[in-house]
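Reader: I have a model open on my screen and would like to talk it through with you. Could we take it one piece at a time?

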2 protein chains.
Amino acid sequence: MPQPSRLLVNTGPGKGKSSAAFGVMGRAWARGWTVGVVQFVKSEKWQVGERKLADHLGIDWHTLGDGFTWESTDLDETEAKGRHAWDVAAGMVSAGGYDLVILDEVTYIMKYGWVPVDAVVDVLRDRPQRTNVIVTGRYAPDEVIAIADTVTEMVKVKHAFDQDIKARKGIEY
Amino acid sequence: MPQPSRLLVNTGPGKGKSSAAFGVMGRAWARGWTVGVVQFVKSEKWQVGERKLADHLGIDWHTLGDGFTWESTDLDETEAKGRHAWDVAAGMVSAGGYDLVILDEVTYIMKYGWVPVDAVVDVLRDRPQRTNVIVTGRYAPDEVIAIADTVTEMVKVKHAFDQDIKARKGIEY
């Protein structure tokens with residue numbers, strides 16, 4: 001019998017939550033897995049390097065967020081996009097066609113109350129045996145941590161942004 | 001004037017230190033950077049997914065470690081390989097031809113005393129303006145943290161291995 005699928009959570013305030021997920025994306029690709037990504041917060045305006053890599057590798061990528069909420073000028077629209085992103089993500093996780101689904105920054109839709117934590121937990125807990133899931137973002141709820149196999153908190157010891165160094169292409173995005 | 005290069009450190013006992021570095025490797029590739037990797041601990045016996053991805057992307061990769069020390073049957077040879085790996089890595093960092101050099105699990109050569117911390121710090125601190133460096137591994141020495149721009153400690157909240165779940169291809173390697 002194959003191993004059951006894993007649920008990994010990368011949370012905490014430090015750098016590396018999404019980077020680590022995209023590192024695993026590369027490993028999964030190397031193993032011939034079918035991989036899907038939903039980005040919940042970064043909007044299409046961010047021409048991120050990880051997207052370019054995913055396109056090159058033939059990975060199914062959905063950027064469905066509306067940028068960071070503090071940049072939003074229409075919070076209703078931001079919330080609607082967040083809910084829509086979750087609907088897409090829940091379908092990808094439940095359908096059984098993926099070996100790995102990365103839900104990048106999905107925690108924010110729970111933090112802001114756009115989608116109930118229980119609804120997210122139901123989908124993650126009932127995922128197909130084939131489908132591993134990685135959840136990233138600050139403030140992972142206890143209920144998600146409870147059903148996860150591996151949970152890492154990225155703790156910021158020091159961050160370049162604190163020293164007025166700008167986000168850098170190739171490193172942060 | 002271009003931004004000075006960055007030194008990032010991913011340390012701590014949690015999962016994600018190397019994964020995050022390989023996520024940044026993908027971003028750097030997407031930006032057209034010249035990237036080099038030295039793996040200090042994993043030996044060639046580990047046919048790791050990240051290596052396969054790096055080969056696919058044309059990234060310069062050196063696996064120079066001797067496996068985990070607790071698997072070593074000849075510690076003198078393991079130490080000699082560790083020192084050699086550092087010589088290669090130091091050359092790559094100092095030469096100025098790379099935009100990013102990943103020193104995966106380099107911390108162990110300092111932890112075991114194979115290379116003095118000061119020697120590593122000198123090379124990292126005097127790196128060319130072009131060359132960003134990512135250091136991964138547990139037990140990053142204070143002297144390395146002191147000269148780094150961004151330091152993340154990966155804290156283990158929960159790890160599948162604690163529950164007798166085996167390392168899984170596509171996820172952990």
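Reader: Let's start with a helix: which residues of α3(A) are buried?

Author: Please keep in mind that this is a predicted model. In α3(A), the buried residues are A:Thr78, A:Lys81, A:Gly82, A:Ala85, A:Trp86, A:Ala89, A:Ala90, A:Met92 and A:Val93.

Reader: And what covers the buried residues of α3(A)?

Author: The cover includes the strands β2 (35-39), β4 (100-104) and β5 (132-136) of chain A, together with the helices α4 (107-111) and α5 (117-125) of the same chain.

Reader: How many residues does that helix have, and how far does it reach?

Author: Helix α3 of chain A, residues 75-95, has 21 residues and reaches 30 Å from its first C-alpha to its last, which is close to the 30 Å expected at 1.5 Å a residue. The residue that follows α3(A) is A:Gly96, and its phi is positive, near 90°.

Reader: Switching to the sheet, in what order do the strands come?

Author: The sheet is open and has 12 strands, in the order β3(A)-β2(A)-β4(A)-β5(A)-β1(A)-β6(A)-β6(B)-β1(B)-β5(B)-β4(B)-β2(B)-β3(B), with mixed pairing. At the edges stand β3 (60-63) of chain A and β3 (60-63) of chain B, each with a single partner strand, so one side of each is left without a neighbour in the sheet. From one strand to the next, the twist averages 15°.

Reader: Which way do β2(A) and β3(A) run, parallel or antiparallel?

Author: They run parallel and are joined by four bridges; within that pairing, A:Gly36 has A:Asp60 in β3(A) as its bridge partner.

Reader: What about β6 of chain A and β6(B), parallel or antiparallel?

Author: Strand β6 of chain A, residues 150-158, and β6(B) run antiparallel, with seven bridges joining them, and A:Glu153 stands opposite B:Val155 in β6(B).

Reader: How many residues does each chain put into the contact?

Author: Chain B gives 46 residues and chain A gives 47. On the side of chain B that touches chain A, the elements giving two or more residues are α1 (17-30), α2 (49-57) and β6 (150-158) of chain B, and the largest share, 11 residues, comes from α1(B). That side of chain B divides into 20 nonpolar, 13 polar and 13 charged residues.

Reader: Last one: what turn lays chain B on chain A?

Author: A turn of 180° with a shift of 0.0 Å along the axis does it, at an RMSD of 0.0 Å. The two copies are thus related as by a two-fold rotation axis. Of the interface residues of chain B, 100% are also interface residues in chain A, so the copies meet through the same surface.

Definitions and conventions: Residues are numbered from 1 along each chain as its sequence is written. Chains are lettered from A and ligands numbered from 1 in the order in which they are written. This is a predicted model: local features need pLDDT of at least 70, side-chain atom pairs count only at pLDDT 80 or more; totals for chains, interfaces and linings use all residues. Copies are superposed by least squares on the C-alpha atoms of residues with pLDDT of at least 70 in both. Two residues are in contact if their C-beta atoms, placed from the backbone, lie within 7 Å. The expected span of a helix is 1.5 Å times one less than its number of residues. A residue is buried if 20 or more other C-beta atoms lie within 10 Å of its own, exposed if 12 or fewer, and partly exposed in between; C-beta atoms are placed from the backbone. Two strands pair if DSSP finds at least two bridges between them. Axes are lines fitted to C-alpha atoms, for helices over the stretch in contact, and angles run from 0 to 180 degrees between N-to-C directions. Ala, Val, Leu, Ile, Met, Phe, Trp, Tyr, Cys and Pro count as nonpolar, Asp, Glu, Lys and Arg as charged, and the others, Gly among them, as polar.
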